[in-house]
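I opened the notebook to look up three things in this model: the contacts of one aromatic residue, the run of one helix, and the main pocket.

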Amino acid sequence: MKLIKDENPMWDDNKKTIVEEGPFNLKNPEIGSPLEEEWWKLIDMDQNVLGYGWITMENNDFEISVAIHKNHQELGLGTYILGELEQIAKNRGFKATVSVVRKKNDNSESIINWLCRKNYISHWLGIKGMEPKSKEFAINVVKKSDITLIKNLE
(Lines give C-alpha, C1' and ligand atoms only; values in the text may rest on other atoms or scores of the structure.)
Protein backbone atom coordinates (compact mmCIF):
# COMPACT_ATOMS: atom_id res chain seq x y z
CA MET A 1 0.00 0.00 0.00
CA LYS A 2 1.07 3.57 -0.51
CA LEU A 3 -0.17 7.08 0.11
CA ILE A 4 -0.27 9.25 -3.00
CA LYS A 5 -1.32 12.83 -3.56
CA ASP A 6 -4.66 13.17 -5.31
CA GLU A 7 -3.87 15.72 -8.02
CA ASN A 8 -6.84 17.98 -8.84
CA PRO A 9 -9.11 16.32 -6.26
CA MET A 10 -12.80 16.10 -7.02
CA TRP A 11 -15.69 14.68 -5.05
CA ASP A 12 -16.26 11.24 -6.57
CA ASP A 13 -17.91 7.91 -5.78
CA ASN A 14 -14.82 6.62 -3.93
CA LYS A 15 -14.76 9.64 -1.63
CA LYS A 16 -18.52 9.49 -1.15
CA THR A 17 -18.29 5.82 -0.14
CA ILE A 18 -15.42 6.34 2.33
CA VAL A 19 -15.90 9.88 3.61
CA GLU A 20 -19.09 10.99 5.30
CA GLU A 21 -19.68 14.58 4.28
CA GLY A 22 -21.51 15.63 7.45
CA PRO A 23 -18.89 15.04 10.13
CA PHE A 24 -16.17 16.68 8.04
CA ASN A 25 -17.89 19.90 6.86
CA LEU A 26 -16.81 19.42 3.26
CA LYS A 27 -17.71 22.40 1.11
CA ASN A 28 -18.39 20.68 -2.25
CA PRO A 29 -20.17 17.37 -1.74
CA GLU A 30 -21.61 17.08 -5.29
CA ILE A 31 -20.09 14.40 -7.52
CA GLY A 32 -17.61 15.98 -9.93
CA SER A 33 -17.11 19.19 -7.96
CA PRO A 34 -13.51 20.22 -7.21
CA LEU A 35 -12.27 20.10 -3.64
CA GLU A 36 -10.34 22.96 -2.06
CA GLU A 37 -8.36 20.79 0.35
CA GLU A 38 -5.14 18.92 -0.43
CA TRP A 39 -6.17 15.25 -0.67
CA TRP A 40 -4.08 12.10 -0.28
CA LYS A 41 -5.33 8.58 -0.93
CA LEU A 42 -4.14 5.30 0.48
CA ILE A 43 -4.20 2.57 -2.18
CA ASP A 44 -3.42 -1.12 -2.09
CA MET A 45 -1.45 -3.14 -4.68
CA ASP A 46 -4.58 -3.46 -6.85
CA GLN A 47 -5.12 0.35 -6.83
CA ASN A 48 -8.16 0.05 -4.54
CA VAL A 49 -8.64 3.12 -2.35
CA LEU A 50 -8.56 2.12 1.33
CA GLY A 51 -8.79 5.58 2.83
CA TYR A 52 -8.13 9.28 2.51
CA GLY A 53 -6.33 11.98 4.37
CA TRP A 54 -6.75 15.62 3.56
CA ILE A 55 -5.21 18.85 4.67
CA THR A 56 -6.81 22.23 5.16
CA MET A 57 -4.43 25.13 5.69
CA GLU A 58 -6.15 28.19 7.15
CA ASN A 59 -5.02 30.83 9.65
CA ASN A 60 -1.55 29.25 9.82
CA ASP A 61 -3.12 25.96 10.94
CA PHE A 62 -2.31 22.62 9.34
CA GLU A 63 -5.58 20.76 9.85
CA ILE A 64 -5.60 17.02 9.17
CA SER A 65 -8.65 14.85 8.52
CA VAL A 66 -8.63 11.09 7.96
CA ALA A 67 -11.26 8.61 6.79
CA ILE A 68 -10.84 4.87 6.24
CA HIS A 69 -13.20 2.59 4.29
CA LYS A 70 -15.48 0.79 6.75
CA ASN A 71 -14.14 -2.61 5.62
CA HIS A 72 -10.54 -1.62 6.42
CA GLN A 73 -10.86 0.08 9.81
CA GLU A 74 -8.98 -1.04 12.93
CA LEU A 75 -5.95 -2.11 10.85
CA GLY A 76 -3.69 0.86 11.56
CA LEU A 77 -4.38 2.54 8.21
CA GLY A 78 -5.66 5.75 9.79
CA THR A 79 -2.58 5.87 12.01
CA TYR A 80 -0.40 5.44 8.93
CA ILE A 81 -2.13 8.27 7.04
CA LEU A 82 -2.06 10.54 10.09
CA GLY A 83 1.67 9.95 10.58
CA GLU A 84 2.46 10.64 6.93
CA LEU A 85 0.46 13.89 6.92
CA GLU A 86 2.12 14.97 10.16
CA GLN A 87 5.50 14.42 8.48
CA ILE A 88 4.36 16.54 5.52
CA ALA A 89 3.39 19.30 7.97
CA LYS A 90 6.79 19.10 9.65
CA ASN A 91 8.58 19.18 6.28
CA ARG A 92 6.63 22.33 5.40
CA GLY A 93 7.75 24.06 8.58
CA PHE A 94 4.64 23.67 10.71
CA LYS A 95 5.25 23.26 14.44
CA ALA A 96 1.87 21.65 15.13
CA THR A 97 -1.08 19.96 13.48
CA VAL A 98 -4.75 20.40 14.25
CA SER A 99 -7.71 18.05 14.04
CA VAL A 100 -11.27 19.18 14.57
CA VAL A 101 -13.85 16.69 15.82
CA ARG A 102 -17.35 17.80 14.90
CA LYS A 103 -20.26 17.49 17.30
CA LYS A 104 -22.34 15.94 14.51
CA ASN A 105 -19.89 13.04 14.15
CA ASP A 106 -21.51 9.92 15.61
CA ASN A 107 -18.06 8.49 16.39
CA SER A 108 -16.71 11.62 18.10
CA GLU A 109 -15.83 9.91 21.39
CA SER A 110 -13.79 7.14 19.75
CA ILE A 111 -12.08 9.67 17.45
CA ILE A 112 -11.11 11.84 20.43
CA ASN A 113 -9.76 8.76 22.23
CA TRP A 114 -7.79 7.77 19.11
CA LEU A 115 -6.33 11.26 18.63
CA CYS A 116 -5.37 11.47 22.31
CA ARG A 117 -3.48 8.16 21.94
CA LYS A 118 -1.61 9.86 19.06
CA ASN A 119 -0.53 12.70 21.40
CA TYR A 120 -3.19 15.21 20.37
CA ILE A 121 -4.41 17.44 23.19
CA SER A 122 -7.84 19.04 23.27
CA HIS A 123 -7.97 22.82 23.48
CA TRP A 124 -10.74 25.21 24.29
CA LEU A 125 -10.71 28.95 23.72
CA GLY A 126 -10.77 30.44 27.21
CA ILE A 127 -10.15 33.79 28.81
CA LYS A 128 -6.38 33.34 28.54
CA GLY A 129 -6.50 31.85 25.03
CA MET A 130 -6.16 28.31 23.79
CA GLU A 131 -5.71 26.31 26.97
CA PRO A 132 -5.11 22.56 26.99
CA LYS A 133 -7.90 20.45 28.41
CA SER A 134 -8.36 16.79 29.28
CA LYS A 135 -9.66 14.05 27.01
CA GLU A 136 -12.74 13.81 29.23
CA PHE A 137 -13.37 17.53 28.75
CA ALA A 138 -13.20 17.07 24.97
CA ILE A 139 -15.63 14.14 25.05
CA ASN A 140 -18.14 16.19 27.06
CA VAL A 141 -17.75 19.35 24.95
CA VAL A 142 -18.10 17.59 21.59
CA LYS A 143 -21.67 16.69 22.52
CA LYS A 144 -22.47 20.43 22.33
CA SER A 145 -19.79 21.96 20.13
CA ASP A 146 -16.92 21.10 17.80
CA ILE A 147 -13.62 20.53 19.61
CA THR A 148 -10.06 21.19 18.40
CA LEU A 149 -7.20 18.85 19.20
CA ILE A 150 -3.61 19.94 18.62
CA LYS A 151 -0.39 17.96 18.33
CA ASN A 152 2.96 19.63 18.88
CA LEU A 153 5.43 18.38 16.25
CA GLU A 154 8.58 19.59 18.01
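I began with Trp114, which touches Gly78, Thr79 and Leu82, residues up to four places away in sequence not being counted (contact means heavy atoms within 4.5 Å). Trp114 has its place in helix 4, and its C-alpha lies 9.8 Å from that of Gly78, although the two are 36 residues apart in sequence. I note that this is a predicted model, in which local features need pLDDT of at least 70, side-chain atom pairs count only at pLDDT 80 or more, and totals for chains, interfaces and linings use all residues. Residues are numbered from 1 along each chain as its sequence is written, and side-chain values use heavy atoms, with hydrogens and water left out.

I then checked helix 3: its 15 residues should span 21 Å at 1.5 Å a residue, and its end C-alpha atoms are 21 Å apart, which agrees (the expected span is 1.5 Å times one less than the number of residues; helices are DSSP runs of H or I, at least four residues, and strands are runs of E, at least two, numbered from the N terminus). Gly93, with a positive phi near 90°, follows helix 3.

Last, I looked up the largest pocket, which holds about 890 Å³ of space (a pocket is an open set of points on a 1 Å grid where a 1.4 Å probe fits, with protein on both sides within 12 Å along at least five of seven lines, and lining residues have an atom within 4 Å of a point). Of its 33 lining residues, Val66, Ala67, Ile68, Gln73 and Ile111 are the closest to the centre.

Key: Points joined across faces, edges and corners; volume = space filled by probe spheres on them.
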